[in-house]
Amino acid sequence: MDLVLIFCKLSLAAMFVFSSVTKLRDIEALAEHIGSTVSLPLRSSAMAWSVVVAEAAAVLGLLLSDRAGFLVAAAVLVGFTGYLAHVMRSGRAVSCGCTGSSGADVSGIHLVRNGIALALAAGGLFAPHVPLRSHALEYAVMTGPAVLSGVALLYLAELREFLTLRPVDLGARG
């Protein structure tokens, strides 16, 4: 059970780290994206920064406190899922903003991704507590697979697009 908790914790942390770093690289574009998809009482730049801060809080919570970290991660994911559902209902073909200004258009795969991430948060929330100092080897062993899992989860829509087989157009050869 220790490995389940560690995997859940590190996968979510990796997903949130990579997500926030990609957003920070072009925070102005994220603010424009938020402003174009949702009307808020806050300025879109304040909302963009709050998204990055929420992701950073989830990472810190996951690394410093098991239960609180999983609760923060779940809350952030629920908020993002509500945003994605709102964008999907609008019927507009726009990026999800999950990785900053780039990213695949919002689709059901984003809701699936968030569902998987919420399952990781729930799994971690209900797994027994594992202190780092007594399980350093398990953390070292799980870091690689968990980071790959978290990044793959973040880019699930893009991976699906990349792996989708399409008919090849051979066209006219000259």
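How many residues line the largest pocket, and which lie nearest its centre? Keep that in mind while you look around; what you have open is a predicted model.

**Stop 1: the pocket**

Select Lys 23, Val 51, Phe 80, Tyr 83 and Cys 96. Out of 22 lining residues, these lie nearest the centre of the largest pocket. The space in there comes to about 340 Å³. Now colour by helix: α1 (2-24), α2, α3, α4 (66-90) and α5 (108-126) are the elements that give two or more residues to the lining. Colour by class instead and the lining splits into 15 nonpolar, 4 polar and 3 charged residues.

**Stop 2: α1 against α3**

Next, show α1 and α3 on their own. Their axes come within 9 Å and cross at roughly 155 degrees. An angle over 145 counts as roughly antiparallel, so that is how α1 runs relative to α3. The crossing is left-handed.

For the contact, pick Lys 9, Leu 10, Leu 12, Ala 13, Phe 16, Val 17, Ser 19, Ser 20, Lys 23 and Leu 24 on α1. Across from them, on α3, pick Trp 49, Val 51, Val 52, Glu 55, Ala 58, Val 59, Leu 62 and Leu 63. By class, this contact has 13 nonpolar, 2 polar and 3 charged residues. Lys 23 and Val 51 should look familiar: they were among the residues nearest the pocket centre.

**Stop 3: α2 against α3**

Keep α3 (residues 44-64) on screen and swap α1 for α2 (residues 27-37). Here the axes come within 8 Å, crossing at roughly 115 degrees, which means α2 is roughly perpendicular to α3. This time the crossing is right-handed.

Select Ile 27, Leu 30, Ala 31, Ile 34 and Gly 35 from α2. Their partners in α3 are Ser 44, Ser 45, Met 47, Ala 48, Trp 49, Val 51 and Val 52. How many charged residues does the contact of α2 with α3 have? None: the contact has 9 nonpolar and 3 polar residues.

**Stop 4: α4 against α5**

Finally, bring up α4 and α5. They pack at about 165 degrees with axes 9 Å apart, and are therefore roughly antiparallel to each other. Their crossing is left-handed.

On the α4 side, highlight Arg 67, Phe 70, Leu 71, Ala 74, Leu 77, Val 78, Phe 80, Thr 81, Leu 84, Ala 85 and Met 88. On the α5 side, add Gly 108, His 110, Leu 111, Arg 113, Asn 114, Ala 117, Leu 118, Leu 120, Ala 121, Gly 124 and Leu 125. The class split is 15 nonpolar, 5 polar and 2 charged. Phe 80, in this contact, takes you back to the pocket, as one of the residues nearest its centre.

Methods. Residues are numbered from 1 along each chain as its sequence is written. This is a predicted model: local features need pLDDT of at least 70, side-chain atom pairs count only at pLDDT 80 or more; totals for chains, interfaces and linings use all residues. Side-chain values use heavy atoms; hydrogens and water are left out. Axes are lines fitted to C-alpha atoms, for helices over the stretch in contact, and angles run from 0 to 180 degrees between N-to-C directions. Helices (H or I, at least four residues) and strands (E, at least two) are DSSP runs, numbered from the N terminus. Angles under 35 degrees count as roughly parallel, over 145 as roughly antiparallel, 65 to 115 as roughly perpendicular and the rest as oblique. A crossing is left-handed if the near helix is turned anticlockwise from the far one by less than a right angle, and right-handed if clockwise. Contact means heavy atoms within 4.5 Å. Ala, Val, Leu, Ile, Met, Phe, Trp, Tyr, Cys and Pro count as nonpolar, Asp, Glu, Lys and Arg as charged, and the others, Gly among them, as polar. On a 1 Å grid over the protein atoms alone, a cavity is a set of points where a 1.4 Å probe fits but cannot get out, and a pocket is an open set with protein on both sides within 12 Å along at least five of seven lines; lining residues have an atom within 4 Å of a point. Grid points are joined across faces, edges and corners, and a volume is the space filled by probe spheres set on the points.
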